[in-house]
Structures are given as structure tokens and as C-alpha cells.
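Visitor: I would like a close look at the helical chain packing here, with enough context from the rest of the model to place it. Please take me through it slowly, from the overall layout down to the contacts.

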Amino acid sequence: MIYFEHVTKTFGKKTVLDDLSLHIPKGKITFILGKSGEGKSVTIKHIMGLMKPTAGKIMVDGEDISLFDQHGLMAYRKKFGMLFQHAALFDSLSVCENVIFPLKEHGTMPLVEMHERVDEVLEMVGLPEIKQKFPNQLSIGEKKRVGLARALAMAPKIMLYDEPTTGMDPLVSEMIDELITEVNAGNPELTSIVISHDLKAALATAENIIMLYKGKVALTGIPDDFRHSHDAVVRQFFSGRVEGPMEFL
Amino acid sequence: MSSYIRNKSTLLFSVLGLRIIKGVSRFGAFLLFCWETVKHVFRRPYRFELIAQQIEFIGAQSLNIVIMTGFFTGAVFGLQLGGIFKIFSSEAMLGGATGKALTRELAPLMVAFLTAGRSGSAMTAEISTMNVTEQVDAMEAMAVEPLSYLAVPRLVASVIVFPLLTIIFIFIGVIGSYVIAVSLFDVDVGLFLDKIVWLVEPKDIRDGLIKSVIFSVIVAFIACHSGLHATGGAKGVGIATTNAVVTMLLMVLASDFLVTYLQVRW
């Protein structure tokens with residue numbers, strides 16, 4: 001489905017992705033783990049074509065996306081839904097206008113159906129009554145759920161979640177994790193990629209986990225591979241200890 | 001010692017060269033941005049609703065300040081010129097002189113300054129806030145081209161609104177000058193208007209409107225470009241907005257000189 005082949009990304013003198021090669025399988029929930037600054041968000045932005053690699057290539061459905069021009073990238077992005085770390089709702093638009101935004105922009109259905117779809121996805125994330133509110137009237141948890149509703153509105157083939165539970169209370173985190181599982185269960189073709197620090201959620205929700213360290217893959221596999229790993233970096237990350245081989249900058 | 005001087009001068013030239021390369025590269029990127037935006041003006045989807053919103057924001061909401069500034073500019077100009085014309089007993093020329101100055105220079109320039117300060121800064125602040133809070137990324141992630149959604153409506157609205165505000169400024173400025181001429185310098189109303197018709201030619205109005213269109217393009221491009229390239233949170237928004245306004249004002253003045261030179265020569 002998604003392949004990174006020897007991808008390097010540098011910002012000035014800093015190398016964030018260092019000859020990174022990885023595979024994300026179709027129709028599964030893949031968690032990408034790693035401590036802050038390991039390039040998880042950069043990885044997700046590369047998948048969407050929001051960033052171009054300094055070297056290497058990224059293959060999605062057999063196509064090298066680094067070769068797309070702007071027009072090709074726009075067409076390519078229609079298959080994605082993305083939940084941003086801070087939801088990235090448009091401040092000047094109401095919840096309803098935010099969720100209907102991608103539907104209107106790519107206008108493939110009548111307005112009545114668009115509103116029905118808005119109701120459907122807001123219901124799905126448990127927020128059916130807040131259509132007329134504005135983002136500044138919502139809690140961070142509500143913003144994330146509205147962001148998820150907006151991402152789901154276009155019925156994407158690939159869902160990207162950029163730290164979906166960061167900064168949220170345990171109950172809302174649990175709810176978002178359940179939503180991710182439900183969304184995938186309802187659509188076996190959907191590929192979900194979750195960037196997260198949340199190990200508990202990763203072990204409970206993921207079908208595939210990739211751990212990044214120093215811009216490379218430290219370990220990839222199913223949750224049990226991580227539970228039983230003897231790799232010192234993986235063990236330190238999972239135990240949350242400061243002492244160990246992992247460097248903190 | 002000579003090797004020390006040689007090293008120092010090599011370093012100086014290196015730093016200078018690097019700055020020039022950076023400057024040229026930034027300017028090239030800005031020109032590419034302008035070209036891409038212009039291409040999007042003619043591409044679907046045409047965002048009439050957003051253009052109307054921007055016309056309301058840049059135009060209707062700037063109307064009060066343009067009217068007040070226009071009146072006082074005309075009045076002050078009348079006061080200053082009236083004193084000079086009085087020496088030559090030619091106070092009747094006040095209307096013509098004010099009209100000429102307003103149409104050719106003052107109105108387009110003042111409207112550009114006012115709009116850059118009010119709407120240009122707001123455009124940069126809004127877009128840069130969207131940029132640093134990932135709203136622009138979200139737009140791209142939903143396969144919506146930010147240039148088409150954010151820059152094009154502001155550019156088109158500016159090109160429509162600036163000339164209209166300039167015409168209003170001229171009209172109100174002439175009224176300001178008229179009030180001063182009639183009340184303080186006892187100029188005959190008919191003579192005041194007659195001198196305007198005599199001195200202000202259609203060419204003056206055309207040249208002034210050409211300037212206002214050029215200024216509108218400069219303000220919109222710089223505001224949107226600065227906004228879309230802002231980085232670094234709230235501080236970045238502040239820096240982008242300040243830099244954008246300073247650049248807009250300088251570019252408006254520089255282009256004013258260039259356009260005036262061309263208009264005077266040809």
C-alpha cells in the first residue's frame with residue numbers, strides 16, 4: 001500500500017528522516033510511534049505530499065508521489081482524510097461549515113445530501129448538537145472530534161491521525177481510540193495511520209506498529225512483537241525510563 | 001597581516017554574496033507565487049462568494065476611514081495651497097490644483113496606505129494565523145489549493161475595490177478643498193468648479209486609477225505571500241504582519257515613483 005524507500009528529509013543541517021524505509025499495509029490500523037522530534041509528523045506529511053523528501057521515494061498504490069505536480073497532488077489527496085494534532089479547524093467557520101467544507105469544495109452531491117452527511121459524521125463522533133457553534137466555543141476534545149468528522153466526511157480510503165489523543169483526558173482518549181477502531185471495522189478497505197505517543201492505545205488498537213528512532217525504523221511488527229522485544233531502545237520507550245540508550249535532546 | 005586582511009575580505013564577500021543570492025532567490029520565489037496566483041484567478045472554481053466577502057471587508061469596512069481621510073486631506077491641501085495662491089491672487093486655482101493632485105497622486109497613494117495598514121495587515125495576520133495553526137495544511141490535505149481559496153479572492157477584491165475607493169477619495173477630497181476655498185478664501189463656487197474642469201483631464205483620472213490598480217496588486221500579493229510563509233506561532237504572526245506592512249508601504253512608494261516617471265515621460 002504505502003512504501004517509503006530510502007527516504008531522507010533534512011531541514012537545514014538537521015536530518016529528521018535518515019534513509020528511512022518502511023511499509024504500511026492496506027486495510028489495517030498502523031501506529032507510528034517514537035519520542036518527540038523523531039519525525040512522526042514529518043512522515044505523515046510526506047505521505048500526504050505536504051512535504052517532499054530530500055532523497056528517496058514514497059510509493060502509494062504503486063505510484064511515486066514525489067513525481068506528482070501540484071495538480072496531481074490535489075487529485076491524490078482526495079483519497080485521504082486527516083485529523084491534525086490540534087484539529088486545525090477553520091476559526092472563521094462554524095462546525096457545520098467546517099465539516100461540509102470538503103464536500104462543498106469537491107461538490108459531488110446535492111446540498112441536502114451534504115447536510116445529511118454532516119449530520120451522519122457528527123453523530124458518528126458523538127456530537128450531533130453543536131453544528132452552529134464555532135471552534136472557539138469548543139473544548140479541545142470536541143475540536144478533535146469535529147476534526148475527525150470533517151476528515152471522515154469525504155469517506156476517505158486512507159485516514160491519517162496526527163497524535164489524536166494528545167492533551168485529552170483519559171475518557172475522551174478512550175473514546176477517540178474506540179472511534180478509530182469502529183471507523184476501521186466499518187470499512188475493511190480503510191487504511192488508518194496513527195501518529196502517537198500513547199503506548200496503551202497503540203497496544204490495544206494497532207494491528208501494525210512502526211517505531212521510529214533517529215529517523216529510522218527501530219522496530220516494526222504487531223503489538224506482541226513490541227511486548228516481547230528485547231531491543232534496548234524499544235524497552236526503554238515502553239518502560240518510560242529516562243536511563244537507557246535513547247538520547248534526549 | 002596581509003593574509004589576515006585577505007581572509008577578512010574573503011569572508012566579507014562570502015557573506016555579501018550569500019545575502020545577494022538569498023535576496024534574489026526570495027524575490028524569485030515571490031514572483032513565482034504571484035504567477036501561480038494569477039493563473040489560479042482564471043482557473044475553476046470561481047469563488048464569487050469569497051470575493052464578495054473580501055470586497056465587503058476591504059471596501060465597505062474601509063469606507064469611513066477613506067471618507068474621513070479624503071475630506072481632511074483635501075481640506076489641508078486647500079489650506080496649504082490657498083495661502084500660496086493668495087499671494088498671487090489666484091485662489092480660484094485651488095479647485096483645479098487640489099483636483100489634479102488628488103487624481104494623479106494623493107488619492108491612489110493615500111488609499112493604498114490606508115488599505116495596506118487596515119486590510120493588508122489583517123489579511124497577513126489572518127492567513128499567517130491559519131498557517132501556523134495548520135489550517136492551511138488542513139486545506140491542502142482536503143485537496144483544496146490555498147492560493148485559490150485564500151489569495152485569489154483577496155487579489156480580485158483588491159483590484160476591484162482600490163479604484164472605487166480612489167474615486168471616492170478624490171470626490172470627498174475635492175469637497176474638503178471646496179469647503180476651505182469657499183469659507184476661508186472666498187472663492188466663487190462656479191470658478192472653483194470651472195478650474196477643476198479646466199485643469200483635471202480624463203488622462204489624469206486614468207493615470208490615477210492605473211496607479212491604484214498597481215498598488216492593489218502589490219498590497220494583495222505581499223499580504224498573502226507573507227501570510228502563507230509565516231512560521232513560528234504567535235510571534236511569527238506578529239513578525240510576518242509587521243514585515244508585510246513595511247514592505248507594502250515601501251513597494252507602493254517605489255512603484256509610485258516608477259509609474260509616475262513612466263506616466264510623465266510618456
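Visitor: How many helices and how many strands does chain B have?

Guide: Chain B has nine helices and zero strands, and from the N terminus on its elements run α-α-α-α-α-α-α-α-α. The model is a predicted one, and for chain B the pLDDT averages 93, with 99% of the residues scoring at least 70. Among the elements of chain B, the lowest mean pLDDT, 89, belongs to helix 1 of chain B (residues 2-41), and the highest, 96, to helix 8 of chain B. Taken along the principal axes, the C-alpha atoms of chain B fill a box of roughly 70 × 65 × 35 Å.

A good place to begin the close look is helix 4 of chain B, which spans residues 94-132. Two packed helices are described by the angle between their axes and the distance between the axes. For helix 4 of chain B and helix 8 of chain B (residues 202-228), the axes come within 8 Å and cross at roughly 15°; since angles under 35 degrees count as roughly parallel, helix 4 of chain B and helix 8 of chain B are therefore roughly parallel to each other. Their crossing is right-handed, and by class the contact between helix 4 of chain B and helix 8 of chain B has 12 nonpolar, nine polar and seven charged residues.

Helix 4 of chain B also meets helix 7 of chain B (residues 189-199), where the axes come within 7 Å and cross at roughly 45°. Helix 4 of chain B and helix 7 of chain B are therefore oblique to each other, and helix 4 of chain B passes helix 7 of chain B in a right-handed crossing. On the side of helix 4 of chain B, the residues that meet helix 7 of chain B are B:Leu94, B:Gly95, B:Gly96, B:Ala97 and B:Lys100, while helix 7 of chain B brings B:Phe192, B:Lys195, B:Ile196 and B:Leu199. By class, this contact of helix 4 of chain B with helix 7 of chain B has five nonpolar, two polar and two charged residues.

Chain A provides the context for this packing. Helix 3 of chain A (residues 95-105) and helix 5 of chain A (residues 140-152) have axes that come within 7 Å and cross at roughly 30°, and that makes helix 3 of chain A roughly parallel to helix 5 of chain A. Helix 3 of chain A passes helix 5 of chain A in a right-handed crossing. The contact is made by A:Val95, A:Asn98, A:Val99 and A:Pro102 of helix 3 of chain A together with A:Val146, A:Ala149 and A:Arg150 of helix 5 of chain A; by class it has five nonpolar, one polar and one charged residues.

Chain A also contains sheets. An open sheet of four strands in chain A has the order 2-1-4-5, with antiparallel pairing, and its edge strands are strand 2 (14-24) and strand 5 (63-64) of chain A, each of which pairs on one side only. Two bridges join strand 4 of chain A (residues 55-60) to strand 5 of chain A, which run antiparallel, and the bridge partner of A:Met59 in strand 5 of chain A is A:Asp64. Helix 1 of chain A (residues 40-47) packs on this sheet and touches strand 1 (2-11), strand 2 and strand 4 of chain A, its direction making about 120° with that of strand 1 of chain A.

Within that sheet, strand 1 and strand 2 of chain A are antiparallel and joined by seven bridges, and A:Lys9 has A:Leu17 in strand 2 of chain A as its bridge partner. Strand 1 and strand 2 of chain A form a hairpin with two residues between them, and A:Gly12 in the turn has a positive phi of about 60°. Strand 1 of chain A is likewise joined to strand 4 of chain A by five bridges, the two running antiparallel, with A:Glu5 standing opposite A:Lys57 in strand 4 of chain A.

Another open sheet in chain A is formed by six strands in the order 6-7-8-3-9-10, with mixed pairing. Strand 6 (80-83) and strand 10 (216-221) of chain A are its edge strands, each pairing on one side only. Strand 3 (residues 29-33) and strand 9 (residues 208-213) of chain A pair in the parallel sense over four bridges, and A:Thr30 stands opposite A:Asn208 in strand 9 of chain A.

Methods:
Residues numbered from 1 in each chain as written. Chains lettered and ligands numbered in written order. Predicted model: local features only at pLDDT ≥ 70, side-chain atom pairs only at ≥ 80, totals over all residues. Heavy atoms only, no water. Axes fitted to C-alpha atoms, helices over the stretch in contact; angles between N-to-C directions. Parallel < 35°, antiparallel > 145°, perpendicular 65-115°, else oblique. Left-handed = near helix turned anticlockwise from the far one by under 90°. Nonpolar A, V, L, I, M, F, W, Y, C, P; charged D, E, K, R; others polar. pLDDT = per-residue confidence, 0-100. Pairing = 2+ DSSP bridges. Contact = heavy atoms within 4.5 Å.
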